[in-house]
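I opened my notebook for a first look at a new model. Here is what I wanted to look up, step by step.

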Amino acid sequence: MKKAVKKNKNKHITFLYIPENESSVKTLRMTSWIPKIIILVLIATLIYASSYTVAYRNLKDKYEISLCNIQEITTINNSQKIEIERLEENAQKIQEQLCENVNALQEIKELVGIKDDNTVPSNIQDNFSNIYQSIPFQPIVNTNNTNFTDHIFELKTSFVSLSKVAKSQKTAIEDSAKSIKDRVAYLKAKPSIKPVVGKITAGYGYRKNPFSGRGSEFHKGVDFAAKRGTPVMATADGTVTYSGWKSGYGNMVIISHGYGFITVYAHNSQLLVKIGDKVKRGQIISKVGSTGRSTAPHLHYEIKLNGKNVDPSRYF
Ligand SMILES: [Zn+2]
């Protein structure tokens, strides 16, 4: 019995290697648990290798997904960055445009002598600069960056403010444009040049009677001595309301300019315009003569403002 137990404990296994040639048979004898251990080790190795392969594949998949995500985020970030830069550029352009508008408007107003009382508020530029400079522009790191959202929000807010500024400025510019248009129309209508090249021989006001030499009379205009045929010019834009003979005045032209201004050109030798003609300042309307109550070739020139004669020499 003891022998049997011992025999079992010393159980061996023998591997035989039988070559096909005539070499001797080779044997490998080992304790029976060794092959079991070898098999177990092989199985363990296989399981480990399989697990490792699965884990590697999972990791690789995750890496590739992450890489895709990073690329997507980078693309989004780049497009957002471009969008922000574009918005920034637009804001800059609008700012410059608005400031240019204000400056241009101011220059025009100063040029035509409009007082700065009801047009563009002077603090618009300052307000705008403050709005714009308050926008923080920084590089975008990722889509979850709260700074980015804040920037967009502030940008949109600033654009709303900008829109309001632009709107008020547009209204101001339109108002100013109307004032400028009115002013230009007034300046065009206001007599502002001498009607003829010649020496002034009689001014506006009381003077001795040029015919009798006795007593005085009120001279309603200014006399310019000039050779017969010298061109006579309209002293402002207007419409011819009379062109013909009138007792005392001879061949006469009357022009209505608007804004209460009327000019009179008398003693002409020749009339070159007719009633209803639109004339421009400097346009030749007649030629100097000595028709009517006149002693020598000259132009009698009058200006009426709101129906009353005024001194023409104040309008040269
Ligand atoms: Zn006169």
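These are my entries, starting with the whole chain and ending with single residues.

**Entry 1: the whole chain**

I started by noting that this is a predicted model. I found four helices and 14 strands in the chain. I then looked up burial, and 19% of the 316 residues are buried. Next came the contacts with a separation of 6 or more: 62% of them link residues 24 or more positions apart.

**Entry 2: how far to trust it**

I looked up the confidence before going further. The mean pLDDT is 84, and 86% of the residues reach 70 or more. Two stretches made me stop. Over residues 118-125 the pLDDT stays under 50, and the model has 15 contacts beyond four places in sequence for them. Residues 134-143 also have a pLDDT under 50 throughout, with 20 such contacts in the model. I left both stretches alone after that, because predicted coordinates should not be read in detail where pLDDT is low.

**Entry 3: the first strands**

I went to the start of the chain next. Strand E1 (residues 12-17) runs antiparallel to E2, and six bridges join the two. I picked out one facing pair: Ile 13 stands opposite Met 30 in E2. How many of the six residues of strand E2 (residues 26-31) are buried? I counted zero, so the strand is hardly covered by the cut-off of 20 or more other C-beta atoms within 10 Å.

**Entry 4: helix H2**

Then I turned to helix H2 (residues 33-112), which has 80 residues. I wanted to know whether its length fits a helix. At 1.5 Å a residue it should span 118 Å, and its end C-alpha atoms are 116 Å apart, which agrees. Does H2 lie largely in the open or under cover? Two of its 80 residues are buried, so H2 lies largely in the open. Just after H2, I noted that Gly 113 takes a positive phi of about 75°.

**Entry 5: a residue in H4**

I looked up Ile 152, which sits in helix H4 (residues 146-189). It counts as partly exposed because 14 other C-beta atoms lie within 10 Å. I also checked Ile 152 against Leu 87: they are 65 residues apart along the chain, and their C-alpha atoms are separated by 9.6 Å.

**Entry 6: the largest nonpolar core**

Which residues touch the most other members of the largest nonpolar core? I found Met 252, Val 253, Ile 255, Val 264, Tyr 265, Ile 285 and Leu 299, out of 27 residues in this core. At least two core residues come from each of strand E6 (222-225), strand E9 (250-258), strand E10 (261-271), strand E12 (284-288) and strand E13 (298-305). E10 gives the largest share, six residues.

I followed Val 253 a little further. Leaving out residues up to four places away in sequence, its contacts include Val 240, Tyr 242, Tyr 265, Leu 271 and Ile 285.

**Entry 7: two positive phi values**

Most residues other than glycine have a negative phi. I therefore wrote down two exceptions, starting with Tyr 259, whose phi is near 55°. Tyr 259 lies in the loop between E9 and E10. With 16 C-beta neighbours inside 10 Å, Tyr 259 counts as partly exposed.

The other is His 267, with a positive phi of about 70°. His 267 is found in strand E10. Why is His 267 called buried? The reason is that 26 other C-beta atoms lie within 10 Å of His 267.

**Entry 8: two last residues**

I looked up Lys 199 in strand E3 (residues 199-202). Lys 199 counts as exposed because it has 9 C-beta neighbours inside 10 Å. Beyond residues up to four places away in sequence, Lys 199 touches Phe 224 and Ala 225. Lys 199 and His 298 are 99 residues apart in sequence, with 9.3 Å between their C-alpha atoms.

I closed with Asp 311, in the segment after strand E14 (308-310). Asp 311 has 13 C-beta neighbours inside 10 Å and so counts as partly exposed. The C-alpha atoms of Asp 311 and Gly 203 are separated by 8.2 Å, although the two are 108 residues apart along the chain.

Notes:
Residues are numbered from 1 along each chain as its sequence is written. This is a predicted model: local features need pLDDT of at least 70, side-chain atom pairs count only at pLDDT 80 or more; totals for chains, interfaces and linings use all residues. A residue is buried if 20 or more other C-beta atoms lie within 10 Å of its own, exposed if 12 or fewer, and partly exposed in between; C-beta atoms are placed from the backbone. Two residues are in contact if their C-beta atoms, placed from the backbone, lie within 7 Å. A nonpolar core is a set of buried Ala, Val, Leu, Ile, Met, Phe, Trp, Tyr and Cys residues joined through C-beta atoms within 7 Å. pLDDT is the predictor's confidence in each residue, from 0 to 100. Two strands pair if DSSP finds at least two bridges between them. The expected span of a helix is 1.5 Å times one less than its number of residues.
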